[in-house]
Amino acid sequence: MVALAPFSKKPFVLILEGITSDHIDPSVDIIRTVLLPQLKRYGVDQNLELKITKRGAPPLGGGEVVFSCVPIRQLKPVQFTEEGRIKRVRGIAYCTRVSPQTANRLVESARSLLNRYIPDIYIYTDVYKGAESGKSPGFALSLVAESNTDVLLSAEKAAEPGQTPEDVGIMAAKLLLSEIRKGGCVDTTSQWLNILLMILAPEDVSKIRIGDLSAFTIQYLRDIKSFFGVSFKIQPDTSNDTILMTCMGIGYVNHNKKTT
């Protein structure tokens, strides 16, 4: 839906219900804090919002989010290759139907590892109770590292059966450090979205820098080539072990959106 929303016929407000965070798909927190800012870089920036009204942990869910977006006529090409230096880490530790102290334990365990590398860390605790807490107990931690060139690198971990808040906090911190080590201007979670938007952009060159290509992204590139007939120039940068990806957009235009 994040990828389709900019090309709809009319502005819309969509209410989605179910699981808001698990160990399989990107959580609503990562979508809100990382994927939506990626859309804004391509020109989708009017009334773009994801509001969390209820949390829903697996297996029963019960969460609710409100996603709103105003369509645009055409995307903008992007040149995003300057990694910069990590200046701060932000995060959200949430818990539902468990002790409120669980969120604090998530924060303390993650900070115990991350504070060795950077002092500017703030992790917000989000404790839900009553009707807003969904149907199942659960907790998770999402982390975002921000650079001085507006790069966003994210990682997250949701609790699985038998895991303590300390386990989840340490694992999330290690995953974030792994993303930072890979480098690039786009993290693993955002690779697919940037590739799609680069292809749909105007008939101009777009270029991004990424770290390692994930297995999902490699297959996604094959599927994109079959569907759009567009290939990427993939150029390894041995100076910092990252990859420069370049393509020419197809110039997709949303004809439902009139020019103003």
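Biologist: In this predicted model, does Glu-179 count as buried or exposed, and at what relative accessibility?

Modeller: Residues with under 20% relative accessible area are classed as buried. Glu-179 falls within that class, since its computed relative accessibility is 10%, and therefore Glu-179 counts as buried.

Biologist: Which residue forms a salt bridge with Glu-179?

Modeller: The partner lies in helix H3, as Glu-179 does, and because the two are three residues apart, about one helical turn separates them. The closest N and O atoms of the pair are 3.8 Å apart, and the cut-off for a salt bridge is within 4 Å. The residue that pairs with Glu-179 is Lys-182.

Biologist: How many residues apart in sequence are the parts that Arg-105 and Glu-166 tie together?

Modeller: The side chains of Arg-105 and Glu-166 meet in a salt bridge, with an N to O distance of 2.9 Å. Arg-105 belongs to helix H2 (residues 101–114), whereas Glu-166 belongs to helix H3 (residues 165–182), so the parts tied together by this pair are 61 residues apart in sequence.

Biologist: Is Arg-105 buried or partly exposed, and what is its relative accessible area?

Modeller: The partly exposed class covers what lies between the buried limit of under 20% and the exposed limit of over 50%. Its partner Glu-166 is partly exposed, at 30%, and Arg-105 is also partly exposed, with a relative accessible area of 31%.

Biologist: Which residues are linked with Asp-29 in a network of salt bridges?

Modeller: One salt bridge joins Asp-29 to Arg-55, whose closest N and O atoms are 2.8 Å apart. This pair links distant parts of the chain, with Asp-29 in helix H1 (residues 28–41) and Arg-55 in the loop between strand S2 (49–54) and strand S3 (63–69). Both Asp-29 and Arg-55 are buried. The residues linked with Asp-29 in the network are Arg-55 and Asp-126.

Biologist: Which side chain is joined to that of Asn-194 by a polar contact?

Modeller: Asn-194 lies in helix H4 (residues 191–200), and Asn-194 is buried, with a relative accessible area of 1%. Leaving aside residues up to four places away in sequence, Asn-194 touches Gln-38, Tyr-42, Val-186 and Ile-208. The polar contact, at 3.0 Å, joins the side chain of Asn-194 to that of Tyr-42.

Biologist: At which residues does UniProt place the RNA 3'-terminal phosphate cyclase domain?

Modeller: Over the span in question the chain is 30% helix and 28% strand, and the end C-alpha atoms are 25 Å apart. The unreviewed UniProt entry places this domain at residues 2–234.

Key
Residues are numbered from 1 along each chain as its sequence is written. This is a predicted model: local features need pLDDT of at least 70, side-chain atom pairs count only at pLDDT 80 or more; totals for chains, interfaces and linings use all residues. Side-chain values use heavy atoms; hydrogens and water are left out. UniProt positions are given in the numbering used here, feature names are shortened, and annotations may be inferred rather than shown by experiment. Helices (H or I, at least four residues) and strands (E, at least two) are DSSP runs, numbered from the N terminus. Buried means under 20% relative accessible area, exposed over 50%, partly exposed in between (1.4 Å probe, protein chains only). A polar contact is a pair of N or O atoms within 3.5 Å; within protein, one must be able to donate a hydrogen and the other to accept it, and residues adjacent in sequence count only if both atoms are side-chain atoms. Contact means heavy atoms within 4.5 Å.
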